Amino acid sequence: MASLLAVTSSAAIAATPALSLPIESYTLSNGLKVVLVPNSKTGTVNVKQFYGIGFRVEPRDRTGFAHLFEHLMFQGSQNAPKGRLIGDVTAAGGYINGSTRFDYTDYVEWVPSNALERMLWLDSDRMARPVINDVVLKNQQGVVGNEVKVNVLNAPYGSWPWIDLPMLANSNWYNSHNFYGDLKEIEAATVADAKDFSARYYRPNNASLVIQGDFDPVQAKAMVQKYFGPIPAGPPVALPDLSEAPQTKARVGSRVDPLAPKPGYSFAYHVPPRGGQDWIVMGLIDQMLLKGADSRLNRALSIDRSITGDLDGGINGYLGDMYSYKGPALWMVSFTHDASVSDAEIKQVVDKVMDDFLAAPPSSEELARAKTKAKSSLYRAIADESGAQLADLVGLAALFGDDPRMVNSLPERFDAVTAAQVQDVARRYLRPEQRSTFTIVAGKDAGKAGQ
């Protein structure tokens, strides 16, 4: 399948001119934000819907509800009974999925181009008329409950670090609760809860729709109007206060994981709000400190000391990337290590890397490499043959209130960053007192904890 962009060598990427993706966006009278990105060379079309409701905005005493409702949206609609949506996509040879993140829930179908109208009809019907009753709710409560047991409660490392770190680093309940869900709260959800959730958040004025791939824009607009235009808008969405107070003291947490074969070490810092210049700079800091064999943490922890071989993380790590958050987010780093290496030894190595980074601006060579890596990552996302990552970039920009065409300006914004800006942002966001550290004690080593 052909893509909008051919990705070649790093040298070619560094010299690539500004992007000019053919992105068109508009808003229906009911508030639905629509983004069209035609590419006649693919032979397929990616249809993706984003709703402005994610983990952090779910109701109190109903943890895991946003994820539970994502499951309910696959249980059929008034005119397309359970199995019809998945069956039609499968019959067309396509792909279907959904996911819940901190600030949104998304649904995607990747199908041959001739299936576009059917997908729009199916998606509009489940937006307007989902089947929500006691039968489907109880069924999906069981499914989600089993996911919690398999993926979190009975899995090595389970909630680490993707749940543990946000719960430690954040103080606002909306950002710091167990978003995958407490089993008792998942089981306590009612049909009334689900219907209220649908009426509040699953309305066109709290959503964006992306069509990317091989389609005729004029025909697509007519289809979107036909199927989504008649859906009435819901009341304006009032979000709770999601702000985080500045962190003025380092935070430390730990737990014993009886299933973990090795200890784990992770840490996080709060990052700048999405969209501004500090956000762009933080994207390059992520590259310099964490991404790739040449990053400072990789050199210190993996190459120089052989402490770990599975360094991972990033901005909004584990549940997205720097482009896919709106509320408060973290830059997170995690890795496992041998029990022979103490937390104190690791902290000493991490402290030196971070202190050195704050002490002086990066060299011109290091900054140039970071810019090349950031642009390379962006271009690979755009070149993904499914179109899903490009749909994320433009669809979330629309949902979050930005211009979807802003993706075209990202390479130039990275290139404009100076070494002085990098040091300034690092000194404001990566100070020692702003760090939260969460460690995992392997079950077999629990008796040695603290030694």
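Exposed means over 50% relative accessible area, and buried means under 20%. The legends below describe a predicted model.

**Figure 1. Asp 61, an exposed loop residue with positive phi**. Asp 61 has a relative accessible area of 53%, which means that Asp 61 is exposed. Its place is the loop between β3 (44-51) and α2 (65-72). The phi of Asp 61 is positive, about 65°, although the residue is not a glycine.

**Figure 2. The loop between α5 (134-153) and α6 (164-169), with Pro 161**. The peptide bond that joins Trp 160 to Pro 161 is cis, and its omega is near -10°. Tyr 157 lies in the loop between α5 and α6. With a phi of about 70°, Tyr 157 is a non-glycine residue on the positive side. Tyr 157 counts as buried because its relative accessibility is 14%.

**Figure 3. The surroundings of Glu 109 in strand β5**. Strand β5 covers residues 105-112 and includes Glu 109. The relative accessibility of Glu 109 is 0%, so this residue counts as buried. Beyond its neighbours within four places in sequence, Glu 109 is in contact with residues including Val 45, Asn 46, Val 47 and Gln 49. Leu 85, Val 89, Tyr 95 and Ile 96 are also among its contacts, as are Met 119, Asp 123 and Arg 126. Ser 77 is 32 residues from Glu 109 along the chain, and the C-alpha atoms of the two are separated by 16 Å.

**Figure 4. Ile 285 in the largest nonpolar core**. This core has 67 residues, of which Ile 285, Leu 297, Trp 331 and Leu 430 touch the most other members. Another core, of 58 residues, lies apart from it and has Val 45, Val 47, Phe 197 and Val 224 among its members. Outside its neighbours within four places in sequence, Ile 285 is in contact with Phe 357, Val 422, Val 425, Ala 426 and Leu 430. In soluble globular proteins, nonpolar side chains tend to be buried together.

**Figure 5. The packing of helix α12 (residues 296-304)**. Its buried residues are Arg 296, Leu 297, Asn 298, Ala 300, Leu 301 and Ser 302. The buried residues of α12 pack against two strands and three helices, namely β8 (264-270), β10 (330-336), α11 (277-289), α13 (343-359) and α14 (364-383). After α12 comes Ser 306, with a positive phi near 55°.

**Figure 6. Gly 314 in strand β9**. Strand β9 comprises residues 312-315 and contains Gly 314. Gly 314 counts as buried because its relative accessibility is 2%. Leaving out neighbours within four places in sequence, Gly 314 is in contact with Asp 286, Leu 290, Lys 291, Leu 330, Trp 331 and Met 332. The C-alpha atoms of Gly 314 and Arg 428 are separated by 18 Å, and the two residues are 114 apart along the chain.

**Figure 7. The whole protein, with 17 helices and eleven strands**. The C-alpha atoms fill a box of roughly 60 × 55 × 40 Å along the principal axes. The radius of gyration is 23 Å, which agrees with the value near 22 Å for a compact globule of 451 residues. Of these 451 residues, 56% count as buried. Among contacts with a separation of 6 or more, 83% come from residues 24 or more positions apart. The protein exposes about 18,300 Å², of which carbon and sulfur atoms supply 53%. There are 45 positive and 49 negative side chains, and the centres of the two sets lie 1 Å apart.

Terms used. Residues are numbered from 1 along each chain as its sequence is written. This is a predicted model: local features need pLDDT of at least 70, side-chain atom pairs count only at pLDDT 80 or more; totals for chains, interfaces and linings use all residues. Side-chain values use heavy atoms; hydrogens and water are left out. Helices (H or I, at least four residues) and strands (E, at least two) are DSSP runs, numbered from the N terminus. The radius of gyration is taken over C-alpha atoms; the globule rule is 2.2 Å times the number of residues to the power 0.38. Buried means under 20% relative accessible area, exposed over 50%, partly exposed in between (1.4 Å probe, protein chains only). Contact means heavy atoms within 4.5 Å. Accessible areas come from the Shrake-Rupley method with a 1.4 Å probe; for residues, only the protein chains shown count as cover. Lys and Arg count as positive and Asp and Glu as negative; His and the chain ends are not counted. The place of a charge is taken as NZ of Lys, CZ of Arg, CG of Asp or CD of Glu. A nonpolar core is a set of buried Ala, Val, Leu, Ile, Met, Phe, Trp, Tyr and Cys residues joined through side-chain atoms within 4.5 Å.
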